[in-house]
Amino acid sequence: MAWSPDKTEVKSWNEWDTLRHVIVGRADDCHIPPEEPALDAKVPEDSDMRGQWGRRPQETIDRANELLDNFADQLRKRGVRVDRPVSIDHSQPVTTPDFHTDSQFGCMPPRDVLLTVGHEMLEATMSYRCRWFEYLNYRPLLKQYWEEDPRFRHEAAPKPRLTDADYHPDYLSEKIGDAQRLEWAAEKFFVTTEEEPLFDAADVLRFGKDLVVQHGFTTNLKGIEWLRRHFPDHRVHTVNFPGDPYPIHIDATFTPLRPGLIVNNPQRRLPEEQRGMFEKNGWEIVDAAQPAHNTPPPLCYSSTWLSMNVLVLDPKTVCVEKSEVYQAEQMDKLGMEVVEVELRDAYAFGGGLHCCTADVYRDGDCEDYFPKQ
Ligand code: DAV
């Protein structure tokens, strides 16, 4: 049945079919959280964020919200239904029987928390203490979808305990250095241990029947095994990208654009031995264009590779950040129509165009794109 804007339906099986309904995050009340093991491991060693925490400056919140609102309007003008989360008070400290943190994070980016697979939206475990309650920002929307769509499955992965046993103490050092980090990444020695299942939704890419999951800082092997058991009708594949000294989230590293085509970060290439399923099935993996910037914007966790954190609207159309001219040029050469979206001043709030959204509905069904396994 064709999608109708008057009827809520949750369904999305992949990253590229025509997008009809999406959540766009908000910058409201976003905090730089206090130090904690998993988060510190991701803050680049030379970052201006080291050692400071608290609510982000109001003018940066206002500017990020302006850009996110504009992006939401741009999508609406193209006929996409856009919902926005309801921010909780992120200045509230959190105490569980197992840990304490003095503040929370924000309601950006939804892609990290919500994994849509078919008719299901799954709240990820997360691995930062400051993000433990982040799903609450999205509960009003999920409640609404649940009431309006009788097929919608609202699921939540087991909440992790996040005691110190979840983190390797070696990563607590202030100065590790990129050489050591790259060595550890190549050995798949990440900040999170295998104490309990951990995953962020943004470590997962959806290719119909196949889910491709990055093993790194925010997702451990038990998290991937949990996903495998939770989605018994899917094939779940573990990947890792040894060239990344701060490996979190797959969406600035490996970006499918349409059936048969993926752009891959040239500094974080998929290892040869993990390419089999793509090669056997005739998928092309091309190097992404260089980012247009040499450094991330101020107070930003992410690398300059948010250039490739694009949002595919349909197999011929892609949203690219406006200043990322090389990435836009490459998309054009790859046969995609480029929609420019200004978002760089919101990067500090947790990411780019893919990060700041979460799928609710895309056309299409669950297809098998990799029949040769
Ligand atoms: O390159 O810093 C950012 C991914 C955000 N979801 C990076 C990864």
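Which residues lie nearest the centre of the largest pocket? In this predicted model, the largest pocket is lined by 25 residues, and those that lie nearest its centre are Pro-44, Tyr-246, Pro-296, Ser-303 and Thr-304. The volume of the largest pocket comes to about 500 Å³, and its lining divides into 10 nonpolar, eight polar and seven charged residues.

Besides this pocket, the model was examined for cavities, and three cavities of 30 Å³ or more were counted. The largest cavity holds about 220 Å³ of space, and it is lined by 20 residues, among which Lys-42, Ile-248, His-249, Ser-302 and Gly-350 are the closest to its centre. When the lining of the largest cavity is sorted by residue character, it divides into 10 nonpolar, four polar and six charged residues.

It is in the largest cavity that the ligand sits. The residues that surround the ligand are Lys-42, Ile-248, His-249, Asp-251, Ala-252, Arg-268, Ser-302, Ser-303 and Cys-355, and this shell divides into three nonpolar, three polar and three charged residues. Among the residues of the shell, the side chain of His-249 has an N or O atom at 3.0 Å from a nitrogen atom of the ligand. The side chain of Arg-268 likewise places an N or O atom at 2.9 Å, in this case from an oxygen atom of the ligand, while for the side chain of Ser-303 the distance from an N or O atom to an oxygen atom of the ligand is 2.5 Å. Taken alone, the ligand exposes 270 Å², of which the protein buries 99%.

The record offers a further view of this region, in that the UniProt annotation "active site", which comes from an unreviewed entry, covers Asp-200, His-249 and Cys-355. Although these three residues span 156 residues in sequence, no two of their C-alpha atoms are more than 11.5 Å apart, and they therefore gather at one spot. From this annotated set, His-249 and Cys-355 belong to the lining of the largest cavity. His-249 and Cys-355 are also among the residues that surround the ligand, and His-249 is one of the residues closest to the centre of the largest cavity. Ser-303, whose side chain has an N or O atom 2.5 Å from an oxygen atom of the ligand, is in turn one of the residues that lie nearest the centre of the largest pocket.

Definitions and conventions:
Residues are numbered from 1 along each chain as its sequence is written. This is a predicted model: local features need pLDDT of at least 70, side-chain atom pairs count only at pLDDT 80 or more; totals for chains, interfaces and linings use all residues. Side-chain values use heavy atoms; hydrogens and water are left out. A residue is near a molecule or strand if one of its heavy atoms lies within 4 Å of it. A polar contact is a pair of N or O atoms within 3.5 Å; within protein, one must be able to donate a hydrogen and the other to accept it, and residues adjacent in sequence count only if both atoms are side-chain atoms. Accessible areas come from the Shrake-Rupley method with a 1.4 Å probe; for residues, only the protein chains shown count as cover. On a 1 Å grid over the protein atoms alone, a cavity is a set of points where a 1.4 Å probe fits but cannot get out, and a pocket is an open set with protein on both sides within 12 Å along at least five of seven lines; lining residues have an atom within 4 Å of a point. A molecule sits in a cavity or pocket if more than half of its atoms lie within 2 Å of its grid points. Ala, Val, Leu, Ile, Met, Phe, Trp, Tyr, Cys and Pro count as nonpolar, Asp, Glu, Lys and Arg as charged, and the others, Gly among them, as polar. Grid points are joined across faces, edges and corners, and a volume is the space filled by probe spheres set on the points. UniProt positions are given in the numbering used here, feature names are shortened, and annotations may be inferred rather than shown by experiment.
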